[in-house]
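Subject: Structure handover

Hi,

Here is the structure I promised to pass on. Have a look at it first, and then read on for what turned up when I went through it.

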Amino acid sequence: IMNYPVPKDKELFFLSCCVDDKPQDYTFYEDGSFSRRDKAPLMDDFIKFIDKYWFLYKSLPFVKAIYICNSLSFNAVKESSDIDLFVITARNRLWIARLWSVWLFWIWRIKRHKNIASQKFCLSFYVTEEETNLFNISLKPFDLYLCYWISHLVPLYLEDLENKNKIYEDNKWIKWFLINFPLVNVINLWNQIFTWNTFFKNFIEKTHSKKFWNFIERA
């Protein structure tokens, strides 16, 4: 899945590309898409592109946090890869936050669409801040893919930096399967983590009353 090799022997989770302080021997696949020890060849280009739009992440109304996920967070990025984002919204503001984010990314022409995906943002994953425990959507009896997916979420924007590891702590159930996972961010993509809000975001959120936004959310 996403060019990620099955862990060897009894290894359940790989931390910082070392096990018992010994580097693993995984190297790039033939297409150069994956390594546990080395940066994917295109990683720097993708991270530079992501960091370029720092102001946009800080300007999305009712967005509490944004995480990088999928192929990029697995160090399996290819030339054709898009940039998948996992977005956490304010309580009772999921549809409004999604509308604003899709619209603003579309204005800047960096949203993925049918014909162009490479270095475009895919805005597919949204949850509200009180629904960050993803156990209810996991496949039963176990969902190892979702466990790895959560453990590889990489913070990109945090309205509150103190909540950097909240997404992992809220999903502590993944330690049933990844017993070595410490419930903190351990995947390093060399990207910046952006915080605080722009004037635009604060203005939009405070321009109208809570009743107004509740009405829009239900509409």
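A residue counts as partly exposed when its relative accessible area falls between the two cut-offs, under 20% for buried and over 50% for exposed. Lys166, with a relative accessible area of 34%, is therefore partly exposed. Its salt-bridge partner is Asp170, with 2.6 Å from N to O. Asp170 is partly exposed too, at 24%.

Before going further, please keep in mind that this is a predicted model. The average pLDDT of the protein is 85, and 83% of the residues score at least 70. The stretch to be wary of is residues 10-33, where the pLDDT is below 50; this stretch still has 59 contacts in the model beyond near neighbours in sequence.

Now the overall layout. The protein has seven helices and seven strands. Reading from the N terminus, the order is β-β-α-α-β-β-α-β-α-β-α-β-α-α. Of the 219 residues, 49% are buried. Among contacts with a separation of 6 or more, 75% are between residues 24 or more positions apart.

Back to the charged pairs. How many salt bridges are there by the rule used here? The count comes to six. One of them is between the side chains of Glu159 and Lys64, at 2.8 Å from N to O. Glu159 sits in the loop between strand E6 (154-158) and helix H5 (166-169), while Lys64 belongs to strand E3 (residues 63-69), so this pair ties together parts that are 95 residues apart in sequence. Glu159 has a relative accessible area of 22%, so it is partly exposed, and Lys64 is also partly exposed, at 29%.

Glu159 has another salt bridge, to Lys201, at 3.3 Å from N to O. Lys201 is in helix H6 (residues 199-207) and Glu159 in the loop between E6 and H5, so here the parts tied together are 42 residues apart in sequence. Is Lys201 buried or exposed? Its relative accessibility is 0%, so Lys201 counts as buried. If you set up protonation states, you will want to know that Lys64, Glu159 and Lys201 are joined into one network by salt bridges that share partners.

Next, a helix pair. The axes of helix H3 (residues 94-107) and H7 come within 8 Å and cross at roughly 80°. H3 and H7 are therefore roughly perpendicular to each other. From H3 the contact involves Leu94, Trp95, Ile96 and Trp100, and from H7 it involves Trp213, Ile216 and Glu217. Sorted by type, the residues of this contact are six nonpolar, no polar and one charged.

Trp95 comes up again at the end of the chain. Ala219 lies in the segment after helix H7 (210-218), and its C-alpha atom is 9.6 Å from that of Trp95, although the two are 124 residues apart along the chain. Ala219 has 79% relative accessibility, so it counts as exposed.

Ile88, in strand E4 (residues 83-89), is a buried spot worth clicking on. With 7% relative accessibility, Ile88 counts as buried. Leaving out residues up to four places away in sequence, Ile88 touches Val63, Lys64, Ala65, Tyr67, Val127, Thr128, Glu129, Thr132 and Ile167. So Lys64 from the salt-bridge network turns up here too. From C-alpha to C-alpha, Ile88 and Tyr126 are 5.8 Å apart in space and 38 residues apart in sequence.

Finally, some backbone geometry. Most residues other than glycine have a negative phi, and most peptide bonds are trans. Here are the exceptions I noted:

- Lys140 and Pro141 are joined by a cis peptide bond, with omega about 10°. Pro141 lies in the loop between strand E5 (121-128) and helix H4 (144-151).
- Asn75 is not a glycine, yet has a positive phi of about 55°. Asn75 is in the loop between E3 and E4, and at 11% relative accessibility it counts as buried.
- Trp196 is not a glycine either, and its phi is positive at about 65°. Trp196 is in the loop between strand E7 (194-195) and H6, and at 66% relative accessibility it counts as exposed.

Cheers

Notes: Residues are numbered from 1 along each chain as its sequence is written. Side-chain values use heavy atoms; hydrogens and water are left out. Helices (H or I, at least four residues) and strands (E, at least two) are DSSP runs, numbered from the N terminus. Buried means under 20% relative accessible area, exposed over 50%, partly exposed in between (1.4 Å probe, protein chains only). A salt bridge is a side-chain nitrogen of Lys or Arg within 4 Å of a carboxyl oxygen of Asp or Glu. pLDDT is the predictor's confidence in each residue, from 0 to 100. Contact means heavy atoms within 4.5 Å. Axes are lines fitted to C-alpha atoms, for helices over the stretch in contact, and angles run from 0 to 180 degrees between N-to-C directions. Angles under 35 degrees count as roughly parallel, over 145 as roughly antiparallel, 65 to 115 as roughly perpendicular and the rest as oblique. Ala, Val, Leu, Ile, Met, Phe, Trp, Tyr, Cys and Pro count as nonpolar, Asp, Glu, Lys and Arg as charged, and the others, Gly among them, as polar.
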